[in-house]
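I set out to record two look-ups in a structure, one on covalent cross-linking and one on a single residue and its surroundings. The entries follow the order in which I made them.

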Amino acid sequence: MNSTMSNPDLSGHQVVKVISIVLKLLVFSLVCFSCTSREENEIKELMNAVFEWELNRGEEVIVFAEAEENWEIPWLDSCSVEGILSLQSDFRYKVLFKDVFTEADAEKICREGRQAFRFQQDMFPVGVKVSSEKGRYDSLSNAYYNALGKPEVVELDMELKKYMSYKTISKPVFLQDYQYAFLYVFSGGTGLLIYKKQNNKWVHYFTSTLMLI
């Protein structure tokens, strides 16, 4: 009691310091929560647009929970600014990446679009099932290619066919303050999907097909 009374300034200083630290942590937490919520909300809205057509047709949609990190552009050695900006849409009237995206956008696509990411079930609309079996699929796929020409390849092929309808997608990349969204998709072929925000809703802008299977 005497110690506290003899150091009133020190005690008050400590209280102010603790309050200051708590307020800073609170502000930091709120900022981080806001950022995370924005991205998660945009992912949910984007997935509604990505799978809208299939769901409206009553089709079963299964997506691997683990985002694809190792996607590549077949004719390029690696993902690069020049490579991304050299791409164009599949449409007759071409949309060029370089007319839509900046070098900073391309850098972000290569950096964030290949990051590890795990999708949650609540990020998708009703009708989309999230599967955690990508590890098994990758293992079977590697074993299949190593077994080419050997008898066990037949059994491996049958196992792989169980996953033919599954979709593998990359972590979505949002560009230009959420005006555009980039997504790599593997489903009966590989392609890059670009979505654009119009009237506060994601709509498909164009596709750049990389490979048909």
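The entries below concern a predicted model.

Entry 1, disulfide. I searched for cysteine pairs and found that the structure holds 1 disulfide. The partners are C79 and C110, with their sulfur atoms 2.1 Å apart. I then located both cysteines: C79 lies in the loop between β1 (61–64) and α4 (81–85), while C110 belongs to helix α6 (residues 103–112). The two positions are 31 residues apart, and the pair links distant parts of the chain.

Entry 2, handedness. I asked which hand the disulfide of C79 and C110 has. The torsion about the S-S bond is about -80°, so I noted the disulfide of C79 and C110 as left-handed.

Entry 3, accessibility of the cysteines. For C79 I read a relative accessible area of 22%, which makes C79 partly exposed. For C110 the value is 15%, and C110 counts as buried. The cut-off that I applied for buried is under 20% relative accessible area.

Entry 4, L175. I placed L175 in strand β4, which spans residues 173–175. Is L175 buried or exposed? I noted L175 as buried, because its relative accessibility is 1%.

Entry 5, surroundings of L175. Leaving out residues up to four places away in sequence, I listed F101, D105, K108, I109, Y180 and F182 as the residues that L175 touches. For K108 I also took the C-alpha separation from L175, which is 8.1 Å. Along the chain, L175 and K108 are 67 residues apart.

Definitions and conventions: Residues are numbered from 1 along each chain as its sequence is written. This is a predicted model: local features need pLDDT of at least 70, side-chain atom pairs count only at pLDDT 80 or more; totals for chains, interfaces and linings use all residues. Side-chain values use heavy atoms; hydrogens and water are left out. A disulfide is a pair of cysteine sulfur atoms within 2.5 Å. Buried means under 20% relative accessible area, exposed over 50%, partly exposed in between (1.4 Å probe, protein chains only). Contact means heavy atoms within 4.5 Å.
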